[in-house]
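Hi,

Here is the structure I said I would pass on. Have a look at it first, and my notes follow underneath.

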Amino acid sequence: MTEERINQRAGKGGLGKGPEALHRRYFWLLACAWSAVVAGSFTWNVAQEADEVHSLTMQSARALLEKDMLYREWSILHGAVYVPKSGPAETNRLAQGEEREVVTPSGQVLTLLNPVTVSRQVFDLQAQQTGVRGHITSLRPFNAANRADDWERRALEAFEQGSEEVCSVDTVQGERSLRLMQPLVTVPTCLRCHEEAGRKPGTIRGGISVTVPMSRFASAGANLRLGLAHFALWLVGMTGLIFGARNLRSNLKARQQAEAERERLIAELQEALANV
């Protein structure tokens with residue numbers, strides 16, 4: 001009878017299954033909240049890393065495009081450039097009256113290259129050595145090698161509508177790359193080789209683009225390292241919650257035992273008083 005009374009009083013005192021279930025519920029709420037915080041931190045850090053890679057790639061693309069514009073302007077100002085002949089002459093549109101090949105007094109053969117050909121050769125060398133691709137194109141290219149792809153065609157059409165720059169992230173040759181393109185404006189020197197009907201100085205002649213692989217600025221395995229770091233952080237937090245829950249359960253159990261002992265003593269005293 002004494003044990004039954006003790007159990008009844010322990011249940012009435014709220015130290016039975018009620019507190020334990022409540023603590024278990026709090027534990028899972030805290031575990032879910034901690035998991036959400038770690039997941040949110042991981043997502044934010046991944047987004048920050050992606051933004052930084054995009055920003056660095058954009059800065060690099062702009063610098064490369066400005067460089068391409070400068071040396072193209074230099075070659076346009078000089079009209080054309082003589083270089084040592086190293087193989088069969090490629091398609092190279094020149095102004096009338098210009099000598100395609102000259103021989104120096106020492107007997108070396110020089111061939112005359114127009115600005116577009118110079119730029120294309122530099123772009124080819126740059127792509128081989130760095131993976132960064134440059135391209136000069138137009139909606140009506142004279143050379144088939146300068147034909148625009150779909151992305152460049154849309155950019156050129158946007159230039160015709162007044163856009164000053166087109167930029168986007170695209171997949172080029174299976175690699176995620178940033179593409180940047182700016183229009184080329186016709187200058188009087190251009191008309192020496194390009195005398196198409198309707199072409200006047202100041203009109204859009206075409207465009208020059210640069211394609212920079214984003215992997216040049218993305219650290220290899222950066223997302224994996226972030227994931228491992230956040231997993232370790234989550235594991236530490238969960239370990240702390242588990243030990244805290246166990247400690248709380250031990251304290252609760254000890255409290256319940258102490259309460260049960262107190263109730264037992266009270267019951268014995270009441271029974272003794274009743275006998276007296």
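**A hairpin and its neighbours**

Strands β2 and β3 make a hairpin, with five residues between them, and G107 in that turn has a positive phi of about 95°. Before you go further, keep in mind that this is a predicted model.

The two hairpin strands pair in the antiparallel sense over three bridges, β2 being residues 101-103. In that pairing V103 sits opposite V109 of β3. Strand β1 (residues 81-84) also pairs with β3, again antiparallel, over four bridges, and here V83 faces T111 in β3. As for β3 itself (residues 109-113), four of its five residues are buried, so I'd call the strand mostly covered, given that buried means under 20% relative accessible area.

**The cores**

Which residues touch the most other members of the largest nonpolar core? That core has 14 residues, and the ones to look for are A61, L180, I208, V210 and V212. At least two residues each come from α2 (17-77), β6 (175-185) and β7 (204-213), with α2 giving the most, five residues. Another core lies apart from it, made of seven residues, including A148, A155, V166 and M181.

If you want one residue to click on, try I208: beyond its neighbours within four places in sequence, its contacts include L65, F123, H135, L180 and M181.

**Aromatic rings**

I count two aromatic pairs. In one of them, F27 and W28, the ring centres are 5.2 Å apart and the planes are at 75°, so the pair is edge-to-face. F27 counts as buried because its relative accessibility is 15%.

Cheers

Methods
Residues numbered from 1 in each chain as written. Predicted model: local features only at pLDDT ≥ 70, side-chain atom pairs only at ≥ 80, totals over all residues. Heavy atoms only, no water. Phe/Tyr/Trp six-rings, centres within 6.5 Å; stacked < 30°, edge-to-face > 60°. Buried < 20%, exposed > 50% of the residue type's maximum accessible area, 1.4 Å probe, protein only. Core = buried A, V, L, I, M, F, W, Y, C linked by side-chain atoms within 4.5 Å. Contact = heavy atoms within 4.5 Å. Pairing = 2+ DSSP bridges.
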